[in-house]
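Hi there,

Here is the structure I promised to pass on to you. Have a look at it first, and then read on for what I found.

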Amino acid sequence: MLRIAIAGSGGLARILAYHLNETVHQFIILSRSDQPDLTTVYGYQVVVVDYDSQSDLQFHLRGVDLVISTVSGTPQINLIDAAAAANVRRFVPAEFEGPPARRGRHDPLDRGKSAALERLRHWTNQRRCVMRFTIFTCGVFFERFAPGGLASVNIGNSTGANYQGAYLMDIGNSTAEIVERNSSGRQIYISMISVNDAMKFVAAAVELDPQTWPGELRMASERRTVSEVLQWAEAIKGGALFSTDIIEARDLQLHLEQAIYYQDVYKTNKIHELMATEQRRYDFEQPNLNELVTINPPPESFWDWLRSQWGAA
């Protein structure tokens, strides 16, 4: 039986806790503040921690085998240092998107992820440190296309890009802003999965023994072209074409410069996301975790998920 610490108490952490609660493993939730609903309604153990205090973090991480982080920035760096000092054996950083290897230097969408990985590599290279780390890669969450966007499941509150329509299309208003082909003229793909299924995969992976995990575990429900994603959304809404702005890959930089010039923060974020999509940031093949574990029921298809959110065509 493992002792697990989930860092954070937002939507991702709560969904993960729900699925870990179905296993035999013990877990605690590290939170900046009390979470009465988690303790009284669900019976979870919530520990209030100060992410600025190494002594506090190390105290609460004593005896923990695995840390799964959903916090970012300086709090996550401090958590990594404390986990290493407390002899935690495996750390999962707050990634849960595309393959980190495809993230460029000085990436505007980085949000502290590269710094966290650099810190983890630092500790891995220390001879006396027992801690190793594993990244969970899952591409794009279906919930980016949900009514209310990622905010509907309380995810991405610090990104400023969790609202409905922040990525590729606003299904509710039948509008889209997409890049269909890369600079070589090839169709652009994205790998996708629902948040619920992603966290089910993480919980299932725990049963494999984290000490056997590789450096990266990839999971996906589907891999589709951007064109297919849009077409399916249009079909769900009854078949009428969305009001769509298709941006050529060669024009993305110009659109970005215009958005920055006019200080349009929302537009800037959206163009950064389109540029990342064009660069295959959210695309991968051979999801190795799908091959290692089975979740029941199987991962929900994008079509079924769309239908559940927006109604049958």
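Below are my notes on the cores, two of the helices, two sheets and one buried phenylalanine. Please keep in mind that this is a predicted model.

Let me begin with the nonpolar cores. The largest has 39 residues, and the members that touch the most others are F96, F136, F141, M199 and M219. Two or more residues each come from strand 1 (3-7), helix 1 (11-20), strand 2 (26-31), strand 4 (66-69) and helix 6 (195-206). Helix 6 provides the largest share, with nine residues. There is also a second, separate core of 33 residues, and L109, F142, I178 and F302 are among its members. If you want a residue to centre your view on, try M219: leaving aside residues up to four places away in sequence, its contacts are F136, T137, C138, I193, A198, F201, V202, F284, P287, L289 and N290.

Next, helix 4 (73-85). This helix has 13 residues and spans 19 Å from first C-alpha to last, close to the 18 Å expected at 1.5 Å a residue. With 10 of its 13 residues buried, helix 4 is largely enclosed by the rest of the structure. The buried ones are P75, Q76, I77, N78, L79, I80, D81, A82, A83 and A84, so polar residues are on that list too. Their cover includes strand 1, strand 2, helix 3 (54-61), strand 4, strand 5 and helix 5. Just after the helix, N87 adopts a positive phi of about 65°.Helix 5 (residues 113-124) has 12 residues and reaches 17 Å between its end C-alphas, close to the expected 16 Å at 1.5 Å a residue. Its buried residues are K113, A116, L117 and L120. Viewed down the axis of helix 5, these fall within an arc of 95°, so they line one face of the helix. That fits a general rule: an α-helix has 3.6 residues a turn, so residues three or four places apart point the same way. The buried residues of helix 5 pack against helix 4, strand 5 (90-92), strand 6 (132-133) and strand 7 (135-137).

Now for the sheets. One is an open sheet of three strands in the order 8-11-13, with mixed pairing. Strand 8 (140-141) and strand 13 (222-225) are at its edges with a single partner strand each, so one side of each has no neighbour in the sheet. Strand 11 (residues 189-193) and strand 13 run antiparallel and are joined by four bridges; M192 has E222 in strand 13 as its bridge partner. Helix 7 (residues 226-236) lies across strand 11 and strand 13, at about 90° to strand 13.

Another open sheet, also mixed, has three strands in the order 9-10-14. Strand 9 (169-170) and strand 14 (243-246) are the edge strands, each pairing on one side only. Strand 10 (residues 175-178) runs parallel to strand 14, with four bridges between them, and A176 stands opposite T244 of strand 14.

Finally, what does F142 touch? This residue sits in the loop between strand 8 and strand 9, and at 0% relative accessibility F142 counts as buried. Not counting residues up to four places away in sequence, F142 touches M192, I193, S194, S221, E300, S301, F302 and W305. F142 and F302 are 160 residues apart in sequence, yet their C-alphas are 7.1 Å apart in space.

Best wishes

How values were computed:
Residues are numbered from 1 along each chain as its sequence is written. This is a predicted model: local features need pLDDT of at least 70, side-chain atom pairs count only at pLDDT 80 or more; totals for chains, interfaces and linings use all residues. Side-chain values use heavy atoms; hydrogens and water are left out. A nonpolar core is a set of buried Ala, Val, Leu, Ile, Met, Phe, Trp, Tyr and Cys residues joined through side-chain atoms within 4.5 Å. Buried means under 20% relative accessible area, exposed over 50%, partly exposed in between (1.4 Å probe, protein chains only). Contact means heavy atoms within 4.5 Å. The expected span of a helix is 1.5 Å times one less than its number of residues. The arc is that of the directions from the helix axis to the C-beta atoms. Two strands pair if DSSP finds at least two bridges between them. Axes are lines fitted to C-alpha atoms, for helices over the stretch in contact, and angles run from 0 to 180 degrees between N-to-C directions.
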